Amino acid sequence: MRAREQHLEQLIDTVPAMIWSMTGAGHPVYLNRRMMEVTGATTETVTAPDGSLTLKRMIHPEFLEQAERTFARSVATGAPYAIKYLQHRADGTYRWTETRAEALRDEAGQIIRWYGVSVDIHDLITTQTELHLRKQELTRLVDLVPSFLWRLTPDGAPNFFNRRFIDFLGLDEGSLEQPQSEQYAAALKAAVHPDDAARVWAGLKDCLSSGQPFAMRYRLRRHDGVYRWMDGRAEPLLGEGGSIIQWHGLSHDVDDQLRVEEALRESERSLRQLVETLPALIYCAAPNGEPIYRSEKLRDFLGFGLADKDEEGKTRLTGTLDAIIHPDDLPDVKQRYVHSLATGTPYAMKHRLRRADGDYRWVETRTAAMRNAEGEIIQWNGICFEIEDQVRAQEALTLTQERLARAAQAASLAELSASIAHEVNQPLAAVVANSHACQRWLTSDPPNLERAQKTVERIIRDANSAADVVGRVRALFRQTVEARSLWLLDTILREARELMLEEATRRRIRIEIDVEPGLPPLALDRIQIQQVLVNLIRNGIEAMEPTQRGALHIRSMRADDFIRTEVRDTGAGISAPEKVFDPFFSTKSNGMGMGLAIARTIIETHGGRLWAEDNQPSGAIFIFTLPVEAKADHER
């Protein structure tokens, strides 16, 4: 008996498990050696002061309450005890442990002893946890992959759809009306587009029977009723003996991609149609200049294709240029091409191009490089416009312009003659009048030599004035500028009034001058400005002649960077303020229409402006401005 007891104790202590026992009331009685070694516990450390079991030193705090509750229930009811928890070990660590205990009863059914075993399941729990996490990760990956994943049995029955595919089809996984495989098969059959169904099922059937991979494009109906193009592929998973275990498939939504591709193809067709219908000759060349494309219009114009002029020993570019460019233009064209190919700069040139019928036609060719994102030339694009009619029209225009230039020279000569005649008429008339007066003073009895002397001085003054006028008018038409000097406009105004005073007095008209004080001197030609003032004063006097009364007002003032001069009359006014400045237009019955035209030319050559306005209540105002720093046209 003692030997057997010793043997049993050795067996219990060496068995690879933690064994313990308690009384029927749950008081610790025995811990085997392995349990004490692994946990560091003894019968005393697991026994509370009242003799009951205490688990505080053996179980992780998070599982303590559950363990005590389970233990108390088993002791109270006699039900077997089973729990998994983190057990405290002698080295201070916690490991997953599974504890089971059952009651030993007497013949009356009373519990006389509890026997339990605790087994280390830490590695098992850890492995299960890792497998569970990996399964969750793989499930998330399968469900989140941006494609539809599915699986078929060897005979083609679907038994798995990933979450994305289920949501696409709008399946209700909570429905228990039919098995999942049947539900998947029905949904897939209903989703395939009617126009694609026969092709899809026939192709799938062939793959199932032959074991060849499945690949096809087809349309599937989304849960909202919209059909989307799919790129479907599937391959078999083979067992060790080569038999098919199952099929793994993937369907990728390519609807947007196909629409983009179709839009690109349509855009390409549209661009090609645009290129072919443009009223121009279009071509493309490789980065080295070799022709790679010609539009239909260019092919028809030249009468041959890309490779028709290829010759041994010549590049296609050289052979093409030799065949289509006029011999006189060929050296310049080649030089420009070589320069563009070497530097990458655009090419533009007018030259003659040989047509299919052998006739050379003038064209304007423009070529530019097309570059990639790195700036490298990937293609040259060129366009030719036929300008034969323009060249002929330009030649005719040039000939016409030469003829017009000769006619303009003749007209300018006539205009110059008319201008000189107009401007010299007044001084010569004064010379004639003063000559008659001088003759009367000399032939009177006795001769009035003093009056004759003054009259002679007037004759000399008027003759010099006529000479100056002729010189200035000629200078205007030669487009030259006489030397200018600084003059006060006040001085020139008074000189002009003195010249016209006798005529104004004879017609009983006053000439009144109002000059703003402090006006700066101007750089101008005194004789030309005097000529303008005399012309404006004379026109005003003649406009007021019917009334033979009143005053002609001349006013000069500062206006920003200009000096503004106004000549006001109270005559009948003018009906066409701008037209009166046109050459040969005159409102006078005996006028030549050159005075105001010459006056405007003089003012504009001084950098100013001359125009006319209505004077209220009657008459006209002629206004001209001169810059404070007057400069000639060619100096501005």
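**View 1. Strands β13 and β14 run antiparallel, joined by eight bridges.** This is a predicted model, as are all the views that follow. Strand β14 spans residues 360-371, and one of its residues, Y360, is the bridge partner of R354. Step back a little and you will find both strands in an open sheet of five, ordered β12-β11-β15-β14-β13, with antiparallel pairing. Which strands stand at the edges? They are β12 (291-294) and β13 (347-354); each has a single partner strand, so one side of each is left without a neighbour in the sheet. On average, neighbouring strands here are turned by 25° against each other, direction ignored.

**View 2. Strand β4 pairs with β3 and also with β5.** Begin with β3 (residues 81-88) and β4 (residues 94-105), which are antiparallel and share eight bridges. Look for K84, which stands opposite E98 in β4. These two strands make a hairpin with five residues between them, and G92 in the turn has a positive phi of about 90°. Now follow the chain onward: β4 is joined to β5 (residues 111-120) by nine bridges, again in the antiparallel sense. Here L104 has R113 of β5 as its bridge partner. The hairpin of β4 and β5 has five residues between the strands, and in it G109 takes a positive phi near 85°.

**View 3. V38 sits in helix α2 and touches residues from elsewhere in the chain.** Helix α2 covers residues 33-39. Leaving aside residues up to four places away in sequence, V38 touches M18, R89 and A90. M18 is 20 residues from V38 along the chain, and the C-alpha atoms of the two are separated by 8.3 Å. Is V38 buried, exposed or partly exposed? With a relative accessible area of 25%, V38 is partly exposed.

**View 4. An open sheet of five strands has mixed pairing.** The order to trace is β17-β19-β20-β22-β21. At the edges are β17 (510-515) and β21 (609-614), each of which pairs on one side only. From one strand to the next, the twist averages 15°. Within this sheet, β19 (residues 551-559) and β20 (residues 562-568) run antiparallel and are joined by seven bridges. One place to look is S556, which stands opposite T565 in β20.

**View 5. Helices α14 and α16 lie across strands of this sheet.** Helix α14 (residues 489-506) lies across β17, β19 and β20, and runs at about 175° to β17. Helix α16 lies across β21 and β22 (620-627), and runs at about 130° to β21.

**View 6. Helix α15 packs against helix α16.** The partners are α15 (residues 526-544) and α16 (residues 595-605); their axes are 9 Å apart, at an angle of about 145°. The crossing of α15 past α16 is left-handed. Which residues make the contact? From α15 come Q528, I529, Q531, V532, N535, L536 and N539, while α16 brings G595, L596, I598, A599, I602 and I603. Sorted by type, the residues of this contact are eight nonpolar, five polar and no charged.

**View 7. Three loops hold backbone details to look for.** In the loop between α14 and β17 you will find R508. R508 is not a glycine, yet it has a positive phi of about 60°. R508 counts as exposed, at 63% relative accessibility. The loop between β19 and β20 holds D560, another residue that is not a glycine but has a positive phi, this time of about 55°. At 70% relative accessibility, D560 counts as exposed. Finally, P617 is in the loop between β21 and β22. The peptide bond from Q616 to P617 is cis, with omega near 5°.

**View 8. C384 is a cysteine without a disulfide.** A disulfide is a covalent bond between the sulfur atoms of two cysteines. Why does C384 not form a bond with C284? The closest cysteine sulfur to that of C384 is in C284, 12 Å away, which is too far for a bond. The cut-off for a disulfide is a pair of cysteine sulfur atoms within 2.5 Å, and by this rule the count comes to zero disulfides. C384 is buried, with a relative accessible area of 5%. C438 is also buried, with a relative accessible area of 9%.

Definitions and conventions: Residues are numbered from 1 along each chain as its sequence is written. This is a predicted model: local features need pLDDT of at least 70, side-chain atom pairs count only at pLDDT 80 or more; totals for chains, interfaces and linings use all residues. Side-chain values use heavy atoms; hydrogens and water are left out. Buried means under 20% relative accessible area, exposed over 50%, partly exposed in between (1.4 Å probe, protein chains only). Axes are lines fitted to C-alpha atoms, for helices over the stretch in contact, and angles run from 0 to 180 degrees between N-to-C directions. Helices (H or I, at least four residues) and strands (E, at least two) are DSSP runs, numbered from the N terminus. A crossing is left-handed if the near helix is turned anticlockwise from the far one by less than a right angle, and right-handed if clockwise. Contact means heavy atoms within 4.5 Å. Ala, Val, Leu, Ile, Met, Phe, Trp, Tyr, Cys and Pro count as nonpolar, Asp, Glu, Lys and Arg as charged, and the others, Gly among them, as polar. Two strands pair if DSSP finds at least two bridges between them.
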